[in-house]
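Reader: Please show me the structure. I have some short questions about it.

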Amino acid sequence: MSSTITSTTPAVTRRAQTRLGIALIAPLMILVTLFFVLPMCSAIYYSFVDFDGINPNPEFVGLDNYTRMFTDPEVWHALGNNAIWIVLGTAAPLAIGLVLALLLWNVKRGNMFYRLAFFLPYVLPGIAIGIVWGWIYDPVNGWLNKALQSIGLGHLTTGWLGEPNTALYAVLATAIWASTGFVLIIFLSALRNVDTEQIDASRLDGANAAQRLWHIILPQIMPVFLMVTTITLVGGFSVFDIIFIMTGGGPANATNVMGTYAYNSAFKVSDISYGTTLALLITALSVPCAVLLNRLQRRLSLQGTGA
Amino acid sequence: MIKLPFKAAAALTAVLALALTGCTGGAPSSGGNSDEKQIRYLLGQPEAPEDLELLKGDIKKFEEQSGIKVKLDVLPIDQLRTVLQTQLRSGDGPDVFNYDTGPGFAGALAQSGLLYDLTDAYKTRNWKIYDFAKERVTFEGKTVGVPDLIQELGVFYNKEIFSRLGISEPKNFADLQAAAKTIKDAGIVPIAVSDKEGWQGGHLLSMSLASRAGSKGMSDLLNGTTPWTSPDVVAALDAWSQLNKGAYLTPTPTAVSYDNGNALFYSGKAAMTATGSWLITGVQKNAKFDVGFMPFPGANDKGIFSAGLGSGTFVSAQTKKSESALKFLDYLQTPEHGRWQVEEVHAIPAFPVEASGTNASPLFAQVLQDTAKIADGSGDFGYSIDTLSTDVFNTALWDGFQGLLTGQKSPEQVSQDLQTAFEKSAAEGK
C-alpha cells in the first residue's frame with residue numbers, strides 16, 4: 001500500500017516561498033563564492049602551473065607540484081610539527097581550561113575578575129603576544145631566564161626560541177597561554193547547564209571527584225567539549241601567525257609547520273605555485289577532521305547528552 | 001506580498017555584490033592618469049621612523065624645484081615584494097619605486113619586462129653612477145635602475161672596552177679569538193651576533209669569506225668558477241662556528257633579534273657587533289662611547305671589508321609619466337642630494353660626492369674613505385653575497401647559517417647545501 005503526500009499550499013505561494021528562500025540565501029552564496037569557491041578554484045589552478053609571482057603566463061606543469069610535495073622531506077618535517085601542535089595545542093588548552101573551569105565553577109567572589117584575567121590573552125592581538133613573549137624568552141634580557149637564575153635554576157636557561165629542541169615548544173606554550181582563556185569561558189558556560197542534582201546524588205552514592213567528572217559532568221558538556229576540540233584542532237592544522245611572528249619557522253626550519261612552509265615557499269622564494277599546493281594540503285587534511293568532529297557533536301546533541 | 005521583499009533582497013544582494021567586487025577590485029590606477037605633474041613613489045619603511053621624515057623633507061625639496069608632486073607610498077619591508085609584484089603585474093604599479101638590486105628582486109622584474117629601460121637615460125642625462133654599481137642593475141644588456149647607496153660589512157667595536165681591557169684591533173683571526181676571550185672573561189659579550197631573522201647569516205658569511213677568499217675568490221664563487229664546497233667557504237663558516245662554540249657570540253644568536261643584538265652593543269653589554277655600515281646612524285644616536293669599524297679578520301691578516309649595493313630606484317615599464325620619473329632620478333643624483341645622503345642619513349651614494357666640509361663623524365668619515373676606494377678601484381673589497389644571489393641560494397644560506405649556529409649542521413654540510421642551491425638556481429636559469 002503506497003501513499004503520497006500532497007502539499008495543500010497553493011503553487012503560487014510555493015513559488016513565492018522559493019524565490020524568497022533564494023533571495024535570502026543569495027547574499028551568503030555570493031560571499032561563499034567570492035571568498036571560498038573562487039579562491040579555491042584559483043588555488044587549484046595555480047597548483048598545476050609554475051607561477052613565480054611575476055610571469056603572467058605560467059607554464060602548465062601538471063602534477064609536478066604534487067609529486068614534489070610528497071617527496072619533499074621538509075613537508076614531512078612540517079607535518080610532524082603540525083602533529084605535535086595539534087596534539088599538544090589541543091589537549092593542553094582543553095585540559096587546563098577544563099580544570100580551571102571546574103575550579104571557578106562555584107567561585108562566587110571575584111568570579112568576574114578571574115574570567116577577565118584568564119580570557120584577556122585570547123583577545124590580545126597575535127602580534128602583541130608574539131612580541132611580548134619574544135622578550136620573555138630572550139636569552140640575555142628575557143624574564144624567563146632571569147627568573148630561572150634567581151631561583152637557582154640557571155642551568156636550565158637557554159635561548160628558548162633559538163634552540164631547535166625548545167623553539168617549537170616555547171611557541172606552543174605561548175599559544176596555549178593565549179587560547180586557554182577561550183576554552184575556560186566556553187566550559188564555564190557549559191557547566192552552568194549541568195544538572196547539579198545528579199552530582200549531588202552521585203556524591204551521596206559515594207562517587208569521588210574523578211568519577212563525578214567522568215560519569216556525570218563530561219557527558220553533559222560533551223557537545224561543547226567537541227565543539228571546542230574542533231576549533232582548537234583545526235587551528236592546529238592552519239597555525240601560522242604566532243609561529244611566523246615568533247620564529248618565522250626557524251631556526252633552520254626547526255619550527256616550520258605547513259602554514260609557515262607554504263608562506264615561505266610562496267613569498268620568500270617566489271614559488272607561489274608550490275606554496276599554494278602546500279596550502280591545499282592543509283585544507284585537504286583539516287576539512288575531513290572538522291567535518292568528522294562536527295558530525296559527532298551533532299549526533300551527541302541529538303542523543304540529548306548535550307548541555 | 002512576496003514580490004516586494006524579493007525585489008528588496010535582490011537589490012540588497014546586487015548592492016552587496018557590487019560592494020564586494022569594489023572591495024576586491026584592487027587599488028585605483030595611477031597608470032590611467034597621465035598627468036605628468038604627479039608621480040607615485042613606493043618604498044619600504046625605513047628602519048628608523050626619523051629617516052622617513054628626513055626623506056619626506058628631501059622629496060619636498062624636489063617638488064619645489066621641479067613642480068612635480070610626489071605621492072609617497074610606504075610599505076612594511078616584508079610586504080613590499082609581494083605588493084609591488086602584484087601591482088606591477090596588474091599594470092597598477094607605482095611610477096618609481098625603491099627595491100633591492102639583486103637578481104631575485106630587480107633581476108626578476110627585469111626578466112619579466114616590468115622595468116623601464118634606463119640605458120639611454122644614462123647616456124643622455126649624463127648620470128655618474130659608479131660603473132661597478134651600474135653593472136649590478138644591468139640585466140641582459142639593459143640598465144634598469146639607479147643604485148642609491150653603497151654599504152660596507154664589518155665589525156663595529158667599542159673602543160672604550162678595548163682600551164680598558166688593553167685590546168688592540170685584531171690583526172688576524174687568532175687575535176680576534178684572544179680578544180674575545182679577554183672580553184668574555186671580563187663578563188662582557190664579545191660579539192653581539194643576532195640571527196633570529198635569518199638574513200644576518202648572509203652578511204656574516206660575506207664578512208668572513210671576504211677575508212678568507214679575497215675579492216677574486218668571492219667573485220669566482222659567485223660566478224660559479226669555484227664551487228661553494230671549496231675550503232675557503234668551509235673555513236669562513238667554521239670561523240663563526242668556532243666563535244659560537246667558544247661562547248664568544250651572543251648566547252644562542254638564533255634567538256636574538258637584530259634590534260636586540262644592536263641594543264646589546266649600544267648599551268655596552270657587548271664589545272663588538274658584526275653588521276653593515278647602515279648601523280652608523282644608530283651608533284651615533286645610541287652609543288655613548290667611541291666606536292671603531294674593522295673588517296672581519298682573515299686567517300693571517302686583518303682581512304678586507306665586504307661591500308655591496310643597498311637598494312636602487314627603478315621606474316615601472318608601464319609608467320605614463322616617464323619624463324617626470326626621469327627628472328626624479330636626475331634629482332636623486334644631484335650633488336645636493338648626495339650631500340644630503342651623507343650628512344643626514346649617513347648613507348654613501350653610488351656616485352661621486354664631494355664630502356669635504358660635511359659634518360661626517362670620524363666613524364662615518366672612515367667608511368666614506370673606504371668606499372671611495374671602491375669607486376677608484378684602489379681598494380680590495382669582498383662582496384655582499386645575498387645582494388648578488390637568487391632567492392633559492394639565499395634561503396639555503398640563511399637556513400644553513402642558522403643550522404650552523406644551532407649545531408644542526410657542520411660547515412661542510414652548509415657549504416654542500418650552498419653548492420646544491422647554486423646548481424639549482426643555475427639549472428633554473430637564474
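Reader: Is A:N81 buried or exposed?

Author: This is a predicted model, in which local features need pLDDT of at least 70, side-chain atom pairs count only at pLDDT 80 or more, and totals for chains, interfaces and linings use all residues. Residues are numbered from 1 along each chain as its sequence is written, chains are lettered from A and ligands numbered from 1 in the order in which they are written, and side-chain values use heavy atoms, with hydrogens and water left out. Buried means under 20% relative accessible area, exposed over 50%, and partly exposed in between (1.4 Å probe, protein chains only). A:N81 has 7% relative accessibility, so this residue counts as buried.

Reader: Which residues is A:N81 in contact with, leaving aside neighbours within four places in sequence?

Author: A:N81 sits in helix α3 (residues 73-105) of chain A. Helices (H or I, at least four residues) and strands (E, at least two) are DSSP runs, numbered from the N terminus. Contact means heavy atoms within 4.5 Å. With sequence neighbours within four places left aside, the partners of A:N81 are A:L168, A:N253, A:A254, A:T255, A:N256 and A:V257.

Reader: Is A:V32 buried or partly exposed?

Author: A:V32 belongs to helix α1 (residues 11-47) of chain A. Its C-alpha atom is separated by 45 Å from that of A:L144, 112 residues away along the chain. The relative accessible area of A:V32 is 31%, so A:V32 is partly exposed.

Reader: Where in chain A is confidence lowest?

Author: Confidence here is pLDDT, the predictor's score for each residue from 0 to 100. Chain A averages 90, and 97% of its residues score at least 70. Helix α2 (residues 64-71) of chain A has the highest mean, 96. The lowest, a mean of 87, is in helix α12 (residues 272-302) of chain A.

Reader: What separates the centres of domain 1 and domain 2 of chain A?

Author: Domain bounds come from an automatic or database domain assignment. For chain A that gives domain 1 (1-47) and domain 2 (68-302). Five residues of domain 1 of chain A are in contact with five residues of domain 2 of chain A. Taken over C-alpha atoms, the centres of these domains of chain A are separated by 36 Å.

Reader: How many residues does each domain of chain B give to the contact?

Author: Chain B is divided into domain 1 (38-149 + 310-354) and domain 2 (151-307 + 379-427). Their C-alpha centres lie 29 Å apart. The contact takes 14 residues from domain 1 of chain B and, from domain 2 of chain B, 14 residues.

Reader: Which strands stand at the edges of the open sheet in chain B?

Author: Two strands pair if DSSP finds at least two bridges between them. The five strands run in the order β2-β1-β3-β12-β6 (chain B), with mixed pairing. Each edge strand has a single partner, so one side of each is left without a neighbour in the sheet. The edge strands are β2 (69-75) and β6 (145-147) of chain B.

Reader: Which residue stands opposite B:P147?

Author: β6(B) and strand β12 (residues 311-315) of chain B pair in the antiparallel sense over three bridges. Opposite B:P147, in β12(B), stands B:G312.

Reader: Which helix gives the largest share of the largest nonpolar core?

Author: A nonpolar core is a set of buried Ala, Val, Leu, Ile, Met, Phe, Trp, Tyr and Cys residues joined through side-chain atoms within 4.5 Å. The largest has 73 residues, of which B:F97, B:L109, B:L118, B:F156 and B:V283 touch the most other members. Its largest share is six residues, from helix α13 (residues 322-332) of chain B.
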